Amino acid sequence: MLMNWLELCGHYASNIFIAASVILIAELLVPQSKYSMVSRVRGAMFWIIYIMITGAGIILFQRLWAYLGVKPLLSVDLSALSSSTNPIIAGIGGIAAFLIVLQAGEFFYYWFHRAQHKSKFLWRFHSEHHSLEEMSAFNSNHHSTEEIFRIPFITIPMSLLFSFNPGYVPWLFAFFMGWQGIFEHSATKLNLGILRYIVPDNRFHRIHHSVEKRHFDKNFGSASSLWDIVFRTSHFPEKDEWPDVGLSYKKEPQNIKEFLIRPFQSKR
């Protein structure tokens with residue numbers, strides 16, 4: 001079990017830190033906001049703690065689910081979409097299959113994320129993420145409980161309902177989507193333009209973190225804009241719309257102790 005945890009943490013960390021390092025270069029070359037290196041280093045330190053706790057939670061849950069022998073209600077095979085002998089058609093079909101699977105997971109994430117903003121209990125933890133004032137690729141960490149809360153709200157419902165076989169997915173597209181969660185928190189002028197109507201980018205997600213009241217309760221989607229559009233919570237920013245972020249009543253955590261225990265402390 002220890003070796004599985006170390007392997008998972010190592011794989012998770014390598015993906016995050018490679019993505020954040022590449023996007024950091026974009027933030028330095030074409031910055032939209034200029035943030036301190038101190039905040040980035042502090043954010044990287046919080047990432048390490050987050051990864052260690054997340055890895056342990058995932059391993060324990062996988063062991064429990066395997067022991068219980070849980071089987072999904074439906075098995076959905078989408079491999080036919082990418083089975084064409086024409087590589088272009090197969091690639092388009094593979095992307096379509098990936099997006100279908102993505103929308104299913106994003107539906108549960110969307111409502112979980114909205115619950116984090118409406119539930120006082122969940123907000124105590126999620127607000128640590130929203131307290132970030134220097135939000136960048138490295139300084140974009142959620143509280144260490146984030147993945148633990150996702151298990152009952154997303155992982156368990158999905159594992160009970162669906163099992164997907166997307167078939168072939170173009171590696172470059174899968175690679176890009178693996179970085180998207182880091183990119184959407186970045187502070188670079190680079191963005192996805194009109195593609196943000198499909199996949200949220202840093203400008204779209206910046207609205208969600210905005211200090212401006214008109215932006216509150218907007219753009220809950222992480223990897224998809226679809227459910228924000230469907231449930232009328234989308235706000236697609238104008239070209240020059242780049243609001244400040246953070247919370248008026250709470251500064252972003254300054255050290256490991258604040259990052260770990262602040263949501264558990266009694267309110268003053």
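**Burial, packing and charge pairs**

Reader: How exposed is Glu-212, in terms of relative accessible area?
Author: Glu-212 counts as partly exposed, and this class, like every value here, comes from a predicted model. Partly exposed residues fall between the 20% limit for buried and the 50% limit for exposed, and Glu-212 falls in that range because its relative accessible area is 30%.

Reader: Which residue forms a salt bridge with Glu-212, the closest N and O atoms being 2.8 Å apart?
Author: Side chains of opposite charge can pair when their charged atoms come close. The partner of Glu-212 has a relative accessible area of 52% and is therefore exposed. With closest N and O atoms 2.8 Å apart, the residue that forms the salt bridge with Glu-212 is Arg-214.

Reader: How many residues apart in sequence are the parts tied together by the pair Lys-251 and Glu-133?
Author: The side chains of these two residues meet in a salt bridge, at 3.4 Å from N to O. Lys-251 is exposed, at 55%, whereas Glu-133 is partly exposed, at 29% relative accessibility. Because Lys-251 lies in the loop between H8 and H9, and Glu-133 in the loop between H4 and H5, the parts that the pair ties together are separated in sequence by 118 residues.

Reader: About how many helical turns separate Glu-147 and Arg-150?
Author: Glu-147 and Arg-150 form a salt bridge whose closest N and O atoms are 3.7 Å apart. Both residues belong to helix H5, and because they are 3 residues apart there, the separation is about one helical turn.

Reader: Which helix gives the most residues to the largest nonpolar core?
Author: This core has 22 residues, of which Met-177 and Ile-182 touch the most other members. Helix H1 (2–29), helix H2 (37–68) and H6 each supply at least two of its residues. With 6 residues, the helix that gives the most to this core is H1.

Reader: How many residues make up the second, separate core?
Author: The second core is separate from the one just described, and its members include Tyr-109, Phe-112, Phe-125 and Phe-149. One of these, Phe-125, is also in contact with Thr-145. Counting every member, the size of this second core is 9 residues.

Reader: With which side chain does the side chain of Thr-145 make a polar contact?
Author: Thr-145 is found in the loop between helix H4 (120–130) and helix H5 (146–161), and with a relative accessible area of 11% this residue is buried. Beyond its neighbours within four places in sequence, Thr-145 is in contact with Phe-125 and Phe-264. The polar contact of its side chain, at 2.9 Å, is with the side chain of His-143.

Reader: Is Trp-65 buried or exposed?
Author: Trp-65 lies in helix H2, and apart from neighbours within four places in sequence it is in contact with Val-70, Ile-156, Ser-159 and Leu-160. Because its relative accessible area of 18% is under the 20% limit, Trp-65 counts as buried.

Reader: What is the approximate phi of Arg-232, which is not a glycine?
Author: Most residues other than glycine have a negative phi. Arg-232 is placed in the loop between H8 and helix H9 (256–261), where at 72% relative accessibility it counts as exposed. Although it is not a glycine, Arg-232 has a positive phi of about 60°.

Methods. Residues are numbered from 1 along each chain as its sequence is written. This is a predicted model: local features need pLDDT of at least 70, side-chain atom pairs count only at pLDDT 80 or more; totals for chains, interfaces and linings use all residues. Side-chain values use heavy atoms; hydrogens and water are left out. Helices (H or I, at least four residues) and strands (E, at least two) are DSSP runs, numbered from the N terminus. Buried means under 20% relative accessible area, exposed over 50%, partly exposed in between (1.4 Å probe, protein chains only). A polar contact is a pair of N or O atoms within 3.5 Å; within protein, one must be able to donate a hydrogen and the other to accept it, and residues adjacent in sequence count only if both atoms are side-chain atoms. Contact means heavy atoms within 4.5 Å. A nonpolar core is a set of buried Ala, Val, Leu, Ile, Met, Phe, Trp, Tyr and Cys residues joined through side-chain atoms within 4.5 Å. A salt bridge is a side-chain nitrogen of Lys or Arg within 4 Å of a carboxyl oxygen of Asp or Glu.
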